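This report describes the architecture of a single protein chain with a ligand. It treats the sheets, the ligand shell, the overall fold and some backbone details in turn.

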Amino acid sequence: LTSLLKDPSLLQTQAYIGGQWVDGDDGTFDVDNPARGDVIAKVADVSRLQVADAIAQAQIAQKEWAKWTGKERANVMRKWFDLMMANQDDLATIMTAEQGKPLAESKGEIAYGASFVEFFGEQAKRIYGETIPGHQRDKRIMVMKQPIGVAASITPWNFPNAMITRKAGPALAAGCAFVARPASETPLSALALAVLAERAGIPAGVFNVVPSNSASEVGKEFCENPIVRKLTFTGSTGVGRILLAQAADQVMKCSMELGGNAPFIVFDDADIDAAVEGAIMCKFRNNGQTCVCANRIYVQAGVYDEFAEKLRAKVAEMKVGDGLAGEVDLGPLITRKAIDKVQEHIADAKDKGAEVILGGEDHELGGNFLHPTIVKGATQDMKFSTEETFGPLAPLFKFETEDDVIEMANDTIFGLASYFYAKDLSRVYKVAEALEYGIVGVNTGIISTEVAPFGGVKQSGLGREGSHHGIEEYLEMKYVCLSV
Ligand code: ADP
């Protein structure tokens, strides 16, 4: 991997604690390339004591960092952003090597991830408080916003860069210090971010990375250590529940970006070609391994066969392969377990009467590779109706009326992203309002941007990331009542 990088020093395997690069007290763990199965790095496995040390260092650093003016914080964050963009190719290579997504997607993620550092750096200057007319003649009321303190994050492997910057960007802008525990599958992207944070002049202890192969130990330390005042997590609803329960002991402020089961609805009046394009981007980005990927595709009866055929023809052209070995549309899945889940969903659908119209069989490349798969005749009793597939399987459901599809779309514990294609304006309003989701894409399959509030309702999470709302998750409000 080093030989593929213009700047090999971006490939770090030690932990970054209090501005120091340190070995892990628990040795190392292997990081492998999911396309080839070979070990690409041995990364520091920190102990729980080292996590506590990172938290302590963060607390010391935070007190100074919070005194910086918004503009001063913005300036070093801008440098951090510039360095990410200047090293976009190398960061993307590291990401593809550990995560598997095609290089073009990795480059896209670096730009997307960096945008949160840019955007929130700018927001550091705009952490406005408020004055409120007093309730008595001698009273003056002021509301100030202050950083919550030390924030800790646990993030998944599907977006090794952006899931961290979405959290660290607003945290640092707010004046918090940050301790990141990256997914053990993809710690190298996080450590490369730390290399650049150091170069940008982010003060020692403000941004820490603690790789560990024992997520639950780190999670416990984050929740039980009284210094940590904010826990921010992206991952499954199951782990989110565990962390919320643990965080309850200290009444810790939590942001949770959890699972989704996104419906993607195509109405009779939709532009079918555009809907096919949107469905492909939405379903197959990152090989279906995003929490906003379409999990269920509902198509109105009048256009069902046309949509299915056009989708089949386009998806059949998608190229599967090693993201580092040339132009591919789909990389490998992250692990064998991920493959098993997709295959289980395909088998379950077949058992219950669905018809596979593309893919379904084992891939010639073996390993973690899978053919993109489309099934027709999907129904609400199939596994993908209640579980997130997290892979390249597109199930097509047929529906008759608007009311029917809204009921089916909302029939889930999840409420993150949803999508629909339609032209009729009153339908657009009605359906957008009726979908019980935190995000609705209308006539588009791509909704992620740093300028909009991303987050879910129901069991998809708590809080929002991105936009001017995102920084509030790292701020406390203080009401000052002055008697004059
Ligand atoms: P995914 O299927 O995307 O890996 P998970 O919710 O299993 O979703 O994992 C998300 C992140 O949470 C990963 O970094 C994982 O290591 C971590 N994790 C898993 N279990 C726990 C736990 N009990 N406590 C803290 N973190 C955990």
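## Sheets, ligand shell and backbone

In this predicted model, seven strands make up an open sheet of mixed pairing, ordered β14-β15-β16-β13-β12-β17-β18. Its edges are β14 (355-358) and β18 (439-442), each of which pairs on one side only. Between neighbouring strands of this sheet the average turn is 25°, direction ignored. At one end of the order, strand β17 (residues 417-421) runs parallel to β18 and is joined to it by four bridges. Within this pair, Tyr 419 has Gly 441 in β18 as its bridge partner.

A second open sheet has three strands in the order β5-β6-β20, with antiparallel pairing. Here β5 (130-132) and β20 (475-483) are the edge strands, each paired on one side only. The twist from one strand to the next averages 25°. Three bridges hold β5 and strand β6 (residues 139-147) in antiparallel register, and Glu 130 stands opposite Val 143 in β6.

Strand β3 (residues 28-32) and strand β4 (residues 39-44) also pair in the antiparallel sense, over five bridges. Opposite Asp 30 stands Lys 42 in β4. The two strands form a hairpin with six residues between them, and in this hairpin Gly 37 takes a positive phi near 80°.

The strand pairs described above are set out together here.

| Strand pair | Sense | Bridges |
|---|---|---|
| β17 and β18 | parallel | four bridges |
| β5 and β6 | antiparallel | three bridges |
| β3 and β4 | antiparallel | five bridges |

The ligand is surrounded by 13 residues, of which Ala 215, Gly 219, Gly 235, Ser 236 and Val 239 come nearest. Two helices, α7 (215-224) and α8 (237-248), each supply at least two residues of this shell. By class, the shell consists of seven nonpolar and six polar residues, with no charged residues.

For the chain as a whole, the secondary structure comes to 14 helices and 20 strands. The radius of gyration is 23 Å, close to the 23 Å that the globule rule gives for 484 residues, so the chain is as compact as a globular protein of that length. Along the principal axes, the C-alpha trace spans about 70 × 65 × 40 Å. Of the 484 residues, 54% count as buried.

An unreviewed UniProt entry annotates residues 21-480 as "domain: Aldehyde dehydrogenase". In the model, this span is 40% helix and 21% strand, and its end C-alpha atoms lie 42 Å apart.

Two further residues deserve a note on backbone geometry. Asn 443 is not a glycine, yet it has a positive phi of about 60°. The residue lies in the loop between β18 and β19 (461-462). Is Asn 443 buried, exposed or partly exposed? Asn 443 counts as partly exposed because it has 15 C-beta neighbours inside 10 Å, whereas a buried residue would need 20 or more and an exposed one 12 or fewer.

Ser 467, likewise not a glycine, has a positive phi of about 70°. This residue is placed in helix α14 (residues 467-470). Ser 467 has 19 other C-beta atoms within 10 Å and is therefore partly exposed.

Key:
Residues numbered from 1 in each chain as written. Predicted model: local features only at pLDDT ≥ 70, side-chain atom pairs only at ≥ 80, totals over all residues. Near = placed C-beta within 6 Å. Nonpolar A, V, L, I, M, F, W, Y, C, P; charged D, E, K, R; others polar. Pairing = 2+ DSSP bridges. Axes fitted to C-alpha atoms, helices over the stretch in contact; angles between N-to-C directions. UniProt positions renumbered as here; feature names shortened; annotations may be inferred. Rg over C-alpha atoms; globule rule 2.2 N^0.38 Å.
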